[in-house]
Amino acid sequence: MGIFTLERRNREGHEAADVLARTRALVDPALRAAVGTLPESTRRIAEYHFGWREPDGTPSDTGSGKAIRPALVLAAAQAVGGRPAEAVRAAAAVELVHNFTLLHDDVIDRDQTRRHRLTAWRVFGTTGAILAGDALHSLALRTLAEDEHPATPAAVRRLADCVVELCEGQQSDCAFEQRNDVSLAECLAMAEGKTGALLGCACAIGALYAGADEGTARAMDAFGREIGLAFQLIDDLIGIWGDSAVTGKPVGADLAARKKSLPVVHALSSGTAEAAVLAELYALERPLSADELLAAAAAVDGAGGRAWAQTESCERMAAAIGHLSAAVPDPTAADDLLALAELVTRRTH
């Protein structure tokens, strides 16, 4: 890692919470303004999804998520010598794409809750949620395309290509649920597309908005992708062992859905007795009982899936720091990016 490190940083202004708060202060007005241009029926669903409104349209202070992806855009711009304020529209566009995928993912996965309240499709119906997601996708591209920054054309192409990669990753994720022979390599490729692609795109767009060359943008994209894989590994662990009071989702939700998450696939391919137990549980053509969910979680753990995912997450972060050091020679310029990277590896929900 050289002089880059993920050790806890106590410098004022570079804690992850501070980075995210500054991001929301800059990006939320642009995000709200963009969503405000949608037709009323679609806007109502989008504003509920973002946590700005209740189902009846009254204001809400639920909050619109952590803002990790727009924070990466602004932090990447700053790291390579740009002005974050110039990349606000780009950051808003990335966050719109992220929320388009969340609306669709909730429908696909039949998730009942998000951010401790009912998902949009549960409140407004499947059709409404899908169409609201489609609208956010188009709104993201329009928000970015209307920017007058010189990097806009390259950023639009990157974001459009990223959406295609996201869709491919989601398609693979769904297909894996119907297969019993998913390899770990396939699962890692799926995670890179479904999660890593957008984080990489966010970092690359931020670099482009700072006037970086293509080589630097590629290195920042690689940094973000490795963060994304680490993020997905931690997310998969939370999906099995996360506290429902914190996550807002039922205990063992991913196991109940028979998801081929990274720890599960590693466990299934381990050749252990626990792998056989897990395979039998996953093959049952009925909902798993509470005891069976506990048994499945224990089998993943016993087969080494939990320990492997934790170790792999650390290795992915080490690789990310390697790419970052190539793109940003001065480590002090990357403090915000490092704070966000640390947040990914230490989060609990």
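Which backbone oxygen does the side chain of Lys 260 reach? The side chain reaches that of Arg 179, at 2.9 Å.

The model is predicted: local features need pLDDT of at least 70, side-chain atom pairs count only at pLDDT 80 or more, and totals for chains, interfaces and linings use all residues. Residues are numbered from 1 along each chain as its sequence is written, and side-chain values use heavy atoms, with hydrogens and water left out.

**View 1. Lys 260 and its surroundings.** Lys 260 sits in the loop between helix 11 (253-256) and helix 12 (262-268); helices (H or I, at least four residues) and strands (E, at least two) are DSSP runs numbered from the N terminus. Lys 260 is buried and has no salt bridge. Buried means under 20% relative accessible area, exposed over 50%, and partly exposed in between (1.4 Å probe, protein chains only). A salt bridge is a side-chain nitrogen of Lys or Arg within 4 Å of a carboxyl oxygen of Asp or Glu. The nearest side chain of opposite charge is Glu 177, 7.6 Å away; Lys and Arg count as positive, Asp and Glu as negative, and His and the chain ends are not counted. Residues that Lys 260 touches, not counting those up to four places away in sequence, include Phe 176, Arg 179, Met 190 and Tyr 282. Contact here means heavy atoms within 4.5 Å.

**View 2. Salt bridges.** The count comes to 24 salt bridges. Glu 226 and Arg 316 form one of them, at 3.3 Å from N to O. This pair links distant parts of the chain, with Glu 226 in helix 9 (residues 214-241) and Arg 316 in helix 15 (residues 305-327), 90 residues apart. Both Glu 226 and Arg 316 are buried. In the bridge between Arg 286 and Glu 292, the closest N and O atoms are 2.7 Å apart. Arg 286 is partly exposed at 41% relative accessible area, whereas Glu 292 is buried at 16%. Arg 158, Glu 165, Glu 192, Glu 214, Asp 221 and Arg 225 are joined into one network by salt bridges that share partners.

**View 3. Helix 9.** The end C-alpha atoms of helix 9 are 40 Å apart, in agreement with the 40 Å expected for its 28 residues at 1.5 Å a residue; the expected span is 1.5 Å times one less than the number of residues. Of these 28 residues, 23 are buried, so helix 9 is largely enclosed by the rest of the structure. At the start of helix 9, a side-chain oxygen of Asp 213 comes to within 3.3 Å of the backbone nitrogen of Gly 215.

**View 4. The largest nonpolar core.** This core has 80 residues, and Val 35, Leu 96, Leu 136, Leu 159, Met 220, Phe 223 and Leu 337 touch the most other members. A nonpolar core is a set of buried Ala, Val, Leu, Ile, Met, Phe, Trp, Tyr and Cys residues joined through side-chain atoms within 4.5 Å. Leaving aside neighbours within four places in sequence, Leu 337 contacts residues including Leu 72, Ala 79, Met 220 and Leu 324. Another core, of 15 residues, lies apart from the largest one and has Phe 176 and Trp 308 among its members.

**View 5. Two residues with positive phi.** Arg 115 is not a glycine, yet its phi is about 55 degrees. Arg 115 lies in the loop between strand 1 (113-114) and strand 2 (117-118) and is partly exposed at 23%. Arg 258 has a phi near 60 degrees. Arg 258 is in the loop between helix 11 and helix 12 and is buried at 13%.

Key: A polar contact is a pair of N or O atoms within 3.5 Å; within protein, one must be able to donate a hydrogen and the other to accept it, and residues adjacent in sequence count only if both atoms are side-chain atoms.
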